[in-house]
Amino acid sequence: MRENLPPGTLVTTLRAIDADTGIFGELRYMVLEQPVGEPGVAEGRDAFAINSSSGELRSRLTFDYERAKAFQLLVRATDAGNASATVTVRVLVTGEDEYDPIFLSPSFNFEVPEGARKGQSIGRVLATDEDEGADGVVLYSLAKPSPYFAINQTTGTIFLRMDSQPQASAGRTKREPREMSLEVQARSPLPASRSASAQVTIDVTHTSFGLAPD
């Protein structure tokens with residue numbers, strides 16, 4: 001079940017089958033105490049309530065995926081003749097995208113060094129996300145494609161799509177400083193996930209990027 005749902009949310013309905021008819025075919029359900037389960041799986045006896053006649057299993061708490069990702073409980077069905085059967089029920093908690101990614105800085109500044117070649121890294125952006133599971137995975141992308149730069153979606157490394165191509169006419173004369181700006185977005189791989197953006201300023205003085213050919 002999804003985290004943050006209110007107490008009383010229906011999880012499932014348990015049904016046992018009894019071949020008897022009449023009163024001996026009527027079953028009563030109850031949650032039993034059980035030994036401590038495996039690591040990472042919480043005891044579910046106090047977290048869920050079961051309707052003794054219908055078998056409806058409902059939550060008694062609002063669950064937090066970051067605190068508990070699974071619960072286990074033991075349910076017994078008993079007929080009027082005191083014959084019974086038990087089943088182990090495991091409830092998995094699924095996460096919600098609760099937190100925005102956060103860049104370590106709202107802006108980043110990099111430089112393309114003279115003579116840099118295609119594929120060379122010029123810097124890296126980094127964002128974190130307090131969600132766990134898939135919602136906490138951060139993927140990076142450029143808000144607008146660039147002919148000169150690309151970004152590794154998993155590492156946040158910005159690299160060149162072409163050689164830096166020094167200005168042919170500049171020679172050794174002083175070059176006017178030039179900069180380019182990129183907007184980098186961070187989000188999880190899930191649809192409709194939360195996102196954040198950061199500005200990246202890149203010094204391209206030592207390249208011919210953006211200049212008209214001589």
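# Exercises on a two-domain predicted model

The protein is divided into domain 1 (9-92) and domain 2 (102-208), with bounds that come from an automatic or database domain assignment. This is a predicted model: local features need pLDDT of at least 70, side-chain atom pairs count only at pLDDT 80 or more, and totals for chains, interfaces and linings use all residues. Residues are numbered from 1 along each chain as its sequence is written, and side-chain values use heavy atoms, with hydrogens and water left out.

## Exercise 1: the domains and A49

Task: find how far apart the domain centres lie, then describe the surroundings of A49.

Step 1. The C-alpha centres of domain 1 and domain 2 are 52 Å apart.

Step 2. A49 sits in strand β4 (residues 48-50). Strands (E, at least two residues) are DSSP runs, numbered from the N terminus.

Step 3. A49 has 33% relative accessibility, so A49 counts as partly exposed. Buried means under 20% relative accessible area, exposed over 50%, and partly exposed in between (1.4 Å probe, protein chains only).

Step 4. Leaving out residues up to four places away in sequence, A49 touches E56, L57, R58 and R60. Contact means heavy atoms within 4.5 Å. L61 is 12 residues from A49 in sequence, and their C-alpha atoms are 10.0 Å apart.

## Exercise 2: the four-stranded sheet

Task: work out the strand order of the open sheet of 4 strands and its pairing.

Step 1. The order is β9-β16-β15-β12, and the pairing is mixed. Two strands pair if DSSP finds at least two bridges between them.

Step 2. β9 and β12 are the edge strands, each pairing on one side only.

Step 3. β9 and β16 run parallel, joined by 5 bridges; here E111 has D203 as its bridge partner in β16. β15 and β16 are antiparallel over 9 bridges, and M180 stands opposite I202 in β16.

Step 4. Look at the faces of β9. F108 and F110 form the covered face, while S107, N109 and E111 form the uncovered one. In a regular strand the side chains alternate between the two faces of the sheet.

## Exercise 3: the cores

Task: locate the largest nonpolar core and the strands that supply it.

Step 1. This core has 26 residues. A nonpolar core is a set of buried Ala, Val, Leu, Ile, Met, Phe, Trp, Tyr and Cys residues joined through side-chain atoms within 4.5 Å. Those with the most contacts inside the core include F103, Y140, F149 and I158.

Step 2. β9 (107-111), β12 (139-142), β13 (149-151), β14 (157-160), β15 (179-187) and β16 (195-203) each supply at least two residues of this core.

Step 3. A second, separate core of 20 residues includes L27, F63, V75 and A77.

## Exercise 4: the aromatic pairs

Task: classify the ring pairs F103 with Y140 and F149 with F209.

Step 1. The whole structure holds 9 aromatic pairs. Rings of Phe, Tyr and Trp (its six-membered ring) pair if their centres lie within 6.5 Å; planes under 30 degrees apart count as stacked, over 60 as edge-to-face and the rest as tilted.

Step 2. F103 and Y140 are 6.4 Å apart, centre to centre, with 55° between the planes: a tilted pair. F103 is in strand β8 (residues 102-103) and Y140 in β12, 37 residues apart. F103 and Y140 are both buried.

Step 3. F149 and F209 have ring centres 5.8 Å apart and planes at 85°, so this pair is edge-to-face. F149 lies in β13 and F209 in the segment after β16, so the pair ties together parts 60 residues apart in sequence. Both F149 and F209 are buried.

Step 4. Ring pairs also link F103, F108, F110 and Y140 into a cluster.
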